[in-house]
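Please read the following walk-through with the model open beside the text. The route goes from the ligand site to the empty spaces and then to a few backbone details.

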Amino acid sequence: MNLEQIDKEYVLHTYNRNYVNFTRGENATLFDENGKNYIDFSSGIGVVSCGHGNPRIAEAISKQAKSILHISNLFLIEPQAKLAKKIVELSGYDMRCFFANSGAEANEGAIKIARKFGEIDGEPKRYKIITLENSFHGRTITALKATGQEKMHAYFGPFPDGFVHAKTVDDVLSLIDDHTVAVMVELVQGEGGVTPLDVQKVQKLAQELKKLNILLIIDEVQTGVYRTGEFLTSNLYGITPDVVTLAKGLGGGVPIGCVMTTLKDIFKAGDHGSTFGGNYLVTTAGLEALDILTEEYESGVLGKTMIYFQEKLKEIASSYENLFHKELGVGMMRALELKDSANLPVIIKKSFESGLIVLRAGTDRIRFLPPLTISKEEIDEGFKRLKDALNTL
Ligand SMILES: *Cc1c(COP(=O)(O)O)cnc(C)c1O
């Protein structure tokens, strides 16, 4: 059996997998087993924030692996404490962190924080969480129920009670009742279509929720860790959430999730936990990734890269007006909205053939989530390949 056959035989078919075999990567460039190179405008769905094969991350992981990888959360874990401090300092919020292993798990933690708050914060006990239509919060049963896309709830029931989906931010307040404990949103909806929420509306909502003593949970699993230009998109929006979740870009490629909250004492020992969460491997990688990214941010390189990327994308949107409505998104989380959604799989396929990896979002958008360290040359080459692909249509 060749690799494709082995995969198909032994791995459950949860993805429409592309059977290319990548064997090496360098920043935003991947190489397959035949030596063909691809510009990666996806960074493994926003994960490889510091690029592929990053030597500093490789060195940090390798050094740590030779000493301790894991000892459990029953003991002090030096890089975990340091990473928590760093995340809190970079956020500018007065919070504490809990480390999980994925975005969905970080959101589970956020939901547990809200549910516990609703249990202990007076009468009546509150448990309902309002989320938005077209949101995406993960694949565990609860995160799936929090996700406001009905097509995702076709199987797997019964789901836990207490999730209400608002059509837009404008509808959130009208859905609040005596049992509402929290509102959870992505500031830029990722999987749903790279849709930024309106800044003023979010600020107004944050103010209202504060008055009502209802928690604001911001799912920054995709938008966090400099993806949109600031450390958190909550910083960019000028709000102070009660709970923030992180994952994708935080570890530069290792599986890590984090839920942070201003409710510093909400959990007592035994309320929550994770065997793997925040172990030496992932928090060491996270510390190095944050060092790399804060340098990019502070030197101004990140800001310049983001502007350059957007200019290139705008150029594409205007030169191919027959194909695209517009360019949208924030920072290095961007999309092109198609006029005809039937072209979506075609463009992704043609791009791949010309050596470019792009993603889909929603039903009619091509999504771009390049590594934050992508070089100007890689951006130029990627857009050249995108044009090649579009010219074959
Ligand atoms: C990817 C994503 C998740 C789920 O993260 P996993 O690591 O796949 O569990 C949750 N929320 C948002 C906004 C995401 O983009």
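The paragraphs below take up the ligand, a pocket, a cavity and some features of the backbone in turn.

The model is a predicted one, and the ligand site is a convenient place to begin. The shell around the ligand consists of 13 residues, of which G103, A104, D219, Q222 and K248 come nearest. When the residues of this shell are sorted by class, three turn out to be nonpolar, six polar and four charged. In terms of secondary structure, the element that gives the most to the shell is helix α5, which spans residues 103-120 and supplies three residues.

Which atoms of the protein lie opposite the nitrogen and oxygen atoms of the ligand? For an oxygen atom of the ligand, an N or O atom in the side chain of K248 is found at 2.6 Å. On the nitrogen side, an N or O atom in the side chain of D219 is 2.8 Å from a nitrogen atom of the ligand, while a polar backbone atom of F136 lies 3.2 Å from a ligand nitrogen atom. The ligand taken alone exposes 380 Å², and 82% of that area is buried by the protein.

From the ligand we can turn to the empty space in the model. Rolling a probe the size of a water molecule over the atoms reveals where such space is left. The second largest pocket has a volume of about 570 Å³, and among the 26 residues that line this pocket, Q80, C97, F98, F99 and F267 are the closest to its centre. Which elements supply at least two residues each to the lining of this second largest pocket? They are α4 (78-91), β4 (96-100) and β12 (257-261), and β4 gives the most, with four residues. By class, the lining of the second largest pocket has 14 nonpolar residues, together with eight polar and four charged ones.

A search of the whole structure for cavities of 30 Å³ or more finds one, and the space in the largest cavity amounts to about 30 Å³. Its lining is made up of G46, S49, Q222, G224, V225, R227, G249 and L372, a set that divides into two nonpolar, five polar and one charged residue. Q222 thus appears in this lining and is also one of the residues that come nearest to the ligand. Why does the largest cavity lie between domain 1 and domain 2? Both domain 1 (3-54 + 300-390) and domain 2 (68-298) give residues to its lining, so the cavity lies between them.

The backbone itself deserves a last look. The peptide bond that joins E123 and P124 is cis, with an omega of about -10°, and P124 is located in the loop between α5 and β5 (128-132); α5 is the helix already met as a contributor to the ligand shell. Another cis peptide bond runs from G157 to P158, where omega is near 0°, and P158 belongs to the loop between α6 (141-146) and β6 (163-166). Finally, V194 has a positive phi of about 55° although this residue is not a glycine, and V194 can be found in the loop between β8 (188-189) and β9 (195-196).

Conventions: Residues numbered from 1 in each chain as written. Predicted model: local features only at pLDDT ≥ 70, side-chain atom pairs only at ≥ 80, totals over all residues. Heavy atoms only, no water. Near = heavy atom within 4 Å. Polar contact = N/O pair within 3.5 Å; in protein donor to acceptor, adjacent residues only side chain to side chain. Areas by Shrake-Rupley, 256 points an atom, 1.4 Å probe, with all protein chains shown as cover. Nonpolar A, V, L, I, M, F, W, Y, C, P; charged D, E, K, R; others polar. 1 Å grid on protein atoms, 1.4 Å probe; cavity = no way out; pocket = protein on both sides within 12 Å on 5 of 7 lines; lining within 4 Å. Points joined across faces, edges and corners; volume = space filled by probe spheres on them. Domains from an automatic or database assignment.
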